[in-house]
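Could you walk me through this model in my viewer, one selection at a time? I would like to know what to pick next and what I will find there.

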Amino acid sequence: MSVRTPYSRVQGLGAARSGTQHFWLQRASAVALIPLSIWFAYAAIQLVGLSYEEAFSFLHEPFNALALALFVLAAAYHMTLGLQVVIEDYVHTEGTKLALLLVNKAFGWIIAAASVFAILRIAL
């Protein structure tokens, strides 16, 4: 027999507040990706047909390196949030769901870290 209330048992889990935060974080990352995607499309068009040295010098500029790093970080974060929702909705086995959620988080961190590391190597 537990003396804890049902609310205290679920506090901080599932629908007890985390869903709204996840929703707003996904929307905020999507809004951040709008101008960053426009810049990325512009940068990709500028890089078409350039030599290695010219592309290197384009990414060596601080503004371009920063914009690319922000784009990669926002995209990786948005991807991780989106895949989390898919996993939570469509994977019903708890062990498999937990494993996939951990792999999803790790994959997002690895992609973001490796990309930012590569951008910093070029920029510096």
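Start by selecting residues 94–123, which make up helix α5 of this predicted model. Helix α5 has 30 residues, and from its first C-alpha to its last it reaches 43 Å. That is close to the 44 Å expected at 1.5 Å a residue.

Staying on α5, show the side chains of K97, N104, I119 and the rest of its buried set, which also includes G108, A112 and A123. What lies over them? The cover of the buried residues of α5 includes α3 (52–60) and α4 (62–90), so switch those two on as well.

Now zoom in on the start of α5 and pick E94 and K97. These two form a salt bridge, with their closest N and O atoms 3.8 Å apart. The count of salt bridges comes to one. Where do the partners sit relative to each other along the helix? K97 and E94 are three residues apart in α5, and therefore separated by about one helical turn. As a general point, an α-helix has 3.6 residues a turn, so residues three or four places apart point the same way. Colour the pair by accessibility and you will see two classes: E94 is exposed, with a relative accessible area of 56%, while K97 counts as buried at 16%, because the cut-off for buried is under 20%.

Next, move to helix α2, residues 18–47, and select S29, which lies in this helix. Is S29 buried or exposed? Its relative accessible area is 6%, so S29 is buried. Beyond residues up to four places away in sequence, S29 touches A74, Y77, H78 and L81.

Follow that contact to Y77, in helix α4. Y77 is partly exposed, with a relative accessible area of 37%. Setting aside neighbours within four places in sequence, Y77 is in contact with L25 and S29. For a distance label, try Y77 to K105: their C-alpha atoms are 9.1 Å apart in space, and the two residues are 28 apart in sequence.

Now for the rings. A search of the whole structure finds three aromatic pairs. One of them is F40 with F71: the ring centres are 4.5 Å apart and the planes are at 10 degrees, so this pair is stacked. The pair links distant parts of the chain, with F40 in helix α2 and F71 in helix α4, 31 residues apart. F40 counts as partly exposed at 36% relative accessibility, whereas F71 counts as buried at 15%.

Turn on the surface and select V31, I34 and I38. Together they form a nonpolar patch on the surface, with about 310 Å² of accessible area. I38 is found in helix α2 and is exposed, with a relative accessible area of 58%.

Finally, zoom out and show everything as a cartoon. How many helices and strands are there? The secondary structure comes to five helices and zero strands, following the pattern α-α-α-α-α along the sequence. Of the 124 residues, 25% count as buried. The accessible surface comes to about 8900 Å², and 73% of it belongs to carbon and sulfur atoms. If you draw a contact map, look far from the diagonal: among contacts between residues at least 6 apart in sequence, 69% join residues at least 24 apart.

Note on methods. Residues numbered from 1 in each chain as written. Predicted model: local features only at pLDDT ≥ 70, side-chain atom pairs only at ≥ 80, totals over all residues. Heavy atoms only, no water. Helix = DSSP H or I, 4+ residues; strand = E, 2+ residues; numbered from the N terminus. Expected span 1.5 Å × (residues − 1). Buried < 20%, exposed > 50% of the residue type's maximum accessible area, 1.4 Å probe, protein only. Contact = heavy atoms within 4.5 Å. Patch = residues over 30% accessible without salt bridge, like charges linked within 9 Å, V, L, I, M, F, W, Y side chains within 5 Å. Areas by Shrake-Rupley, 256 points an atom, 1.4 Å probe, with all protein chains shown as cover. Salt bridge = Lys/Arg side-chain N within 4 Å of Asp/Glu carboxyl O. Phe/Tyr/Trp six-rings, centres within 6.5 Å; stacked < 30°, edge-to-face > 60°.
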